[in-house]
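Me: Please take a close look at the charged side-chain pairs here, and then relate them to the parts of the fold around them. I would like one connected account rather than a list.

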Amino acid sequence: MNKVFLIGRLTRDPELRYTGSNIPVATFSLAVNRNFSNAAGEREADFINIVVWRKQAENVKNYLNQGSQVAIDGRIQTRSYDDQDGKKRYVTEVVADNVEFLGTKGSNQNQSNITPEMPQEMGPTPYDFGEATPSSKPTTTSTDNDPFADFGSKIEINDDELPF
C-alpha cells in the first residue's frame, strides 16, 4: 500500500502548468515539522515536493500561496531523468489525491519559523507542458456564488421522524 498523509505549510507559491493535452498540473513544496527537537532544542522540518493534477491544481494555484497550511493525502512517486552532464537523477515526490486548505500563514502564530528559501530542486518535469495559450486553458468557475442556489427550498430534517 502506498499512502501518505501530511500537514504542513507551503514554502513557495504553487506553479501551475498545462500538459500538451491541456491537463492542469501544479507543483509546490511543503514544509512538515518533525515531532521531535534536535540536540539544540530546535524543531526541524522536512521539505517535501508535491504534485497536484486537474481541477485541484487550479484551485491550489488560485487559493494558496507561500505560508498557507494544508493537509494532503496521496502517494509517493519516484521518477528519474538525465541531467545536463548525462548523470541519472532521481526525484521523489508526493502526488496528492486530495488537498485540504487549513489556513493562511497569519492564522496560527504558534508555528515554528521555517525558512522558505531552502532550495527545493524538483528537476525537470517528465510531462510535456508545451506552450498553453490563454484560449486553450480550461475555463474555471467562480466560487463567489452559492453553488446550491438553484436547488430549491431548504430541507428540514427532524430526528423524531426517523424510523429507528
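Reply: Eight salt bridges are present in the structure, which is a predicted model. Among them is the pair of Asp73 and Lys3, whose closest N and O atoms lie 3.0 Å apart. Distant parts of the chain are linked by this pair, since Asp73 belongs to strand β5 while Lys3 sits in the segment before β1, 70 residues away. The two partners can be told apart by accessibility: Asp73 counts as buried because its relative accessibility is 14%, under the 20% limit, whereas Lys3, at 42%, counts as partly exposed.

A second pair, Asp46 with Arg34, has its closest N and O atoms 2.7 Å apart. It too links distant parts of the chain, with Asp46 in strand β4 and Arg34 in strand β3, 12 residues apart. Here Asp46 is partly exposed at 32% relative accessibility, and Arg34 is partly exposed with a relative accessible area of 26%.

A third pair joins Arg79 to Glu93, with 2.9 Å between the closest N and O atoms, and connects strand β5 with strand β6 across 14 residues. Arg79 is buried, with a relative accessible area of 12%, and Glu93 also counts as buried, because its relative accessibility is 1%. Beyond single pairs, salt bridges that share partners bring Lys3, Asp73 and Asp97 together in one network.

The strands that carry Asp46 and Arg34 pair with each other: β3 and β4 run antiparallel over 10 bridges, and along this pairing Ala26 stands opposite Val52 in β4. These two strands form a hairpin with five residues between them, and Gly41 in its turn has a positive phi of about 85°. β3 also pairs with β2 in the antiparallel sense, over four bridges, with Arg17 standing opposite Val25 in β3. That hairpin likewise has five residues between its strands, and Asn22 in the turn has a positive phi of about 70°. β1 is antiparallel to β3 as well, joined to it by two bridges, and Arg9 stands opposite Ala31 in β3.

Several of the strands named above return in the nonpolar interior. The largest nonpolar core has 17 residues, and those with the most contacts inside it are Phe28, Leu30, Ile50, Val52, Ile72 and Val99. Two or more residues each come from β1 (4-10), β3 (24-37), β4 (43-53), α1 (54-63), β5 (69-82) and β6 (88-103), and β3 gives the largest share, four residues. For Val99, contacts beyond four places in sequence include Val52, Gln56, Val60, Leu64 and Ile72.

The helix can be read against the same background. In α1, Ala57, Glu58 and Val60 are buried, and they lie on the same side of α1 because they cover an arc of only 160° around the axis. An α-helix has 3.6 residues a turn, so residues three or four places apart point the same way. The cover over the buried residues of α1 includes β2 (15-18), β3, β4 and β6. Strands β3 and β4 thus appear both in that cover and as the sites of the Asp46 and Arg34 pair, while β6, another part of the cover, holds Glu93, the partner of Arg79 in β5.

Technical notes. Residues numbered from 1 in each chain as written. Predicted model: local features only at pLDDT ≥ 70, side-chain atom pairs only at ≥ 80, totals over all residues. Heavy atoms only, no water. Core = buried A, V, L, I, M, F, W, Y, C linked by side-chain atoms within 4.5 Å. Buried < 20%, exposed > 50% of the residue type's maximum accessible area, 1.4 Å probe, protein only. Contact = heavy atoms within 4.5 Å. Salt bridge = Lys/Arg side-chain N within 4 Å of Asp/Glu carboxyl O. Arc of directions from axis to C-beta. Pairing = 2+ DSSP bridges.
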